[in-house]
Amino acid sequence: MTERGKRAAGVARVFTQQPDRLAAAWRRVRCTGSAQHMPPQGLLDALVEPFIREVGLSLAGNESSAWSRTRAVLRLSPERGARSLYEEFAVLRRCMVDAVEVLGGGDAERAVVNRAVDEAVDSSVALLQRLIDTSADGPRVPFGGLVVEWFERPSEARVQPASSGERAALH
């Protein structure tokens, strides 16, 4: 096996056997990129590791779509819209491409990652559009997991009883 082949195999191995490391990097970048102390729960949180693992299998030679093979939960939020999906996938793409470069991968590995993320973004946005408008076209590449609508509730402030000797009334 050539040196180039060994590096490509190493990239595939890290993606398939240690997707949690890349997912942790994705979560760190999301957290540091947020103006909030804790960013809202990500729409992709439940599927990052399985998707990275499937991209690793694509890097190892599996020709079918990593997105279609991903068995996980995709959350869609009409409230957050497509922009949130684009932002989360952009961070994921950056983390995965950076990992390819650090691990010594080349253009072929970057192309596999970019194609997989492009399919995932296009499919997710199409699914969101279909959720909003049932007459919209479905995704060109189907998602292999479960799609759920994510409802977000504002946190309710709890009212504490006054501490000045008053007692809470029980009814």
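Which residues in H2 are buried? This tour of a predicted model arrives at that helix after a view of the whole chain.

**The whole chain**

Display the full chain as a cartoon. The chain has 171 residues, of which 42% count as buried. Six helices and two strands can be traced; starting at the N terminus, their order is α-α-α-α-β-α-α-β. Consider next the contacts between residues at least 6 apart in sequence: 71% of these join residues at least 24 apart.

**Helix H2**

Select residues 19–32, the 14 residues of helix H2. At 1.5 Å a residue, the helix should span 20 Å, and its end C-alpha atoms are indeed 20 Å apart, so expectation and model agree.

Now show the side chains of Pro19, Leu22, Ala23, Trp26 and Arg30: these are the buried residues asked about at the start. They cover an arc of only 100° around the axis, and therefore lie on the same side of H2. To see what covers them, add helix H1 (3–17), helix H3 (48–59) and helix H5 (81–102), which are among the covering elements.

Rotate to the face of H2 turned away from its buried side. There the exposed residues Arg21, Arg28 and Thr32 are found.

**The second largest pocket**

Select Ser58, Gly61, Asn62, Glu63, Ser64, Ser65, Ala66, Val112, Arg115, Ala116 and Glu119, which line the second largest pocket. The volume of this pocket is about 170 Å³. Colour the lining by residue character: three residues are nonpolar, five polar and three charged. Finally, highlight helix H6 (residues 107–132), which supplies the largest share of the lining, four residues.

How values were computed. Residues are numbered from 1 along each chain as its sequence is written. This is a predicted model: local features need pLDDT of at least 70, side-chain atom pairs count only at pLDDT 80 or more; totals for chains, interfaces and linings use all residues. Side-chain values use heavy atoms; hydrogens and water are left out. The expected span of a helix is 1.5 Å times one less than its number of residues. Buried means under 20% relative accessible area, exposed over 50%, partly exposed in between (1.4 Å probe, protein chains only). The arc is that of the directions from the helix axis to the C-beta atoms. Contact means heavy atoms within 4.5 Å. On a 1 Å grid over the protein atoms alone, a cavity is a set of points where a 1.4 Å probe fits but cannot get out, and a pocket is an open set with protein on both sides within 12 Å along at least five of seven lines; lining residues have an atom within 4 Å of a point. Grid points are joined across faces, edges and corners, and a volume is the space filled by probe spheres set on the points. Ala, Val, Leu, Ile, Met, Phe, Trp, Tyr, Cys and Pro count as nonpolar, Asp, Glu, Lys and Arg as charged, and the others, Gly among them, as polar.
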